[in-house]
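Biologist: I'd like a close look at one part of this model, the kind of walk-through you'd give over coffee. Pick a buried helix, show me what surrounds it, and then follow the trail outwards.

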Amino acid sequence: MSGRAGARCGELVAQVLAAPPDASVVRLVDDISDEVRGRVADEARAGLGDEARAGRALAVQGEMCQVYDSAECCRHVHAEPAWQHAASQACQLLGDFLAQINHHRGLYDKLKQSQAAHATAAVAAASSSPADDQLRSGDQLLSRAQLAEFCPETLLVAGKYCGDFEKYGIHLPSAAPRAEVARLLALNQHYPARFNAALADPKQLGTTAVPAKLLPPEWRRYAGITGKLTWPLDSGSVHHLLATVDSEEARKQVYLAGAASPAVNLGLLDDMLACRHGLARLLGFPSYAAFKAADSTLAGTPEAAGSFLEDLAGGCRGQAQQELAELTRLKQQHTGQAGATLQPWDQDFYSRQLALGLPQQADLAAAAAPYLGLGSVLGGLSELLQRLMGLSLTRRQLAPGEGWGAGLLKYEVVCSQLGLLGTIYLDLAARPGKVPSSGILYPVRCGRELPGGAYQQPVLCLVSNLAASNSSSSSSSADLTSLPLTWREFKTLLHEMGHAVHSMVSRTKYQHVWGTRCSQDVVEVPSHLWEHFATDARSLSLLARHADSCQPMPQAMARQLARLSTVTPALELQQQALLSLVDLVYHGQALPSAAGGTSSVWSSLAAQHASLPPPAGTCPQARFNHLTIYGASYYSYLYARCLSEAIWETHLAADPLDASAGC
């Protein structure tokens, strides 16, 4: 880390250590996270191309524990390689900085002292005369004014910061267990990184030689002298063949080959699960799932999450069996075999055939395009926000030199009562060097209360690669607003805008609890809630209007588009419930090795909860990368989905444009 950043970090830490044990400690620790984020974010948005300036700016931003999002955004979307390189370096520097902060006993002790001072002073205040301004807390005296500074949010954030420190074992009684926690934490970064690297490595994924006679005629010319086509086993290639190739023999071969690779991930998964299990036990939890559930989740315990998932899987079984029967009938008709049964390698193919068989499917996308122009959709979003919440999206032109690549759109979020809430940059155009993404929201600058009562306005960046932008002759922002969205892109935009609105309307004293910085099973609730606006006729009439006539999209067309996006919703829901249960059980009190291994556990759960379980001998867990990302919290996506459904039915289904429901 640069000398400038190191000096600034030292200054902030020294202020914490010198502060009295009052609410100022919490504010100062929060400052370490956010002190100069805005200044660096402004430099980044200016798009400076000089690598030295980029490195300096991002090194300073390395002072904040929350730099990951903005640095990740920069390295994924910035048009200048120098900025991408500097952002990657910043992430590495930040790791070193966080390692020091997360093991800083002085900061942890100071937070604990402030908590204790509040508790003692609160008791003293209750038993003393109101005229007594000085309240003794051990060796410290706190005034009633200092006590009043401990608002509920301050106490909450103090507890969260202490909990964050304790995740690193700082509270353990001796050096040996603290060192072991540090070792396991390092391994818990190492194993997931290697697991995901294998999923991106063609050599480890491997190939399979498919007889050319089993493939479509237009593919056969790529076969070698052996008469076979070497087929790569990355997920995209496997899915493409499974969805499009008529030959069941070819589909089966590729499915089984893909389900057995990358073999290295089986050992890495065992090591990762053992590492996490040991870490949780050292920190006083019976399992890694319990460790994750204790982090202010709505579910509260892994048992509650597991019960929810079992109920969900059971509840959709009947419809899933009907969908399976429908796919089976398609296979029987297609093969001419009355007794044919559906196999796992058949599901993608016949699901696609089912979608292709819907009326007018071939022309549906073209017919929908005039209703889903980006500019029209954003205008409809602004009107929806205005009616529902008193908010609006106001388009602003980028200043000269502002931005990091061509095709950016800038919108300010304005509240009718509070004025400007913040800024959202939309980076939706595909371009060389930009990492492909279907949709992700980066917080570039967080919201929080500033000294003196002003509010730090957040800055967000919504990133995607619209399919139409790949073929657009120009990537200027003026042209982007005319680009059509696909139905999937339309729903994804609404999903990410749910996250954005959540962040924009969040008004917190501390950035540590701002916006989407909430429990894993809460964070997706607003985004899922916003997807409902795509399927309700009243809200859709604002969001999807014809470019020429301004007429709303016909409901029949909207229903067909929704149907195309998922022709077997119950089977997909059942699969997500299974994956979530696998994630919980893998991270449970007993390691999978005690129950025959990860493959045995998967097979057992699939037999109970899946209508189309994977065949024996396959290893789907070797490709389940969400195990590395979520780790005992994959259920949270379904949890949020169900909660958003309940909120919609209770508050918005009667009238999705009702301002009283929105506010």
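Modeller: Let's take helix H15, whose buried residues are covered by a set of elements that includes helix H10 (175–199), helix H16 (288–293), helix H29 (569–586), helix H30 (598–609) and helix H31 (626–629). Keep in mind that this is a predicted model. The residues of H15 that end up buried are Asn-265, Leu-268, Leu-269, Met-272, Leu-273, Cys-275, Arg-276, His-277, Leu-279 and Ala-280. As a check on the geometry, H15 runs over residues 264–282, and at 1.5 Å a residue its 19 residues should span 27 Å; the end C-alpha atoms sit 28 Å apart, which agrees. Just past the end of H15, Gly-284 has a positive phi of about 95°.

Now step across to H10, one of the helices in that cover. Glu-180 and Arg-183 are both in H10, three residues apart, or about one turn of the helix. Their side chains meet in a salt bridge, 2.8 Å from N to O. Glu-180 is partly exposed at a relative accessible area of 27%, and Arg-183 is partly exposed too, at 44%.

That pair is a salt bridge, and the structure holds 15 of them. Glu-248, Arg-251, Lys-331 and Asp-346 are linked into a network. Elsewhere, Arg-538 pairs with Asp-536, with the closest N and O atoms 2.7 Å apart. Here Asp-536 counts as buried at 11% relative accessibility, while Arg-538 counts as partly exposed at 34%.

Another salt bridge joins Glu-412 to Arg-396, with 3.0 Å between the closest N and O atoms. Glu-412 belongs to strand E6 and Arg-396 to strand E5, so this pair ties together parts that are 16 residues apart in sequence. Glu-412 counts as buried at 17% relative accessibility, whereas Arg-396, at 38%, counts as partly exposed.

Those two strands bring us to a sheet. It is open, with mixed pairing, and its five strands come in the order E5-E6-E7-E11-E8. E5 (391–396) and E8 (440–445) are the edge strands, each with a single partner, so one side of each has no neighbour in the sheet. From one strand to the next, the twist averages 25°. Helix H21 (residues 374–389) packs on the sheet, where it touches E5, E6 and E7, and its direction makes about 145° with that of E5. Further along, E7 (residues 419–427) and E11 (residues 459–463) pair in the parallel sense over five bridges, and Leu-426 stands opposite Leu-462 in E11.

Conventions: Residues numbered from 1 in each chain as written. Predicted model: local features only at pLDDT ≥ 70, side-chain atom pairs only at ≥ 80, totals over all residues. Heavy atoms only, no water. Pairing = 2+ DSSP bridges. Helix = DSSP H or I, 4+ residues; strand = E, 2+ residues; numbered from the N terminus. Axes fitted to C-alpha atoms, helices over the stretch in contact; angles between N-to-C directions. Contact = heavy atoms within 4.5 Å. Expected span 1.5 Å × (residues − 1). Buried < 20%, exposed > 50% of the residue type's maximum accessible area, 1.4 Å probe, protein only. Salt bridge = Lys/Arg side-chain N within 4 Å of Asp/Glu carboxyl O.
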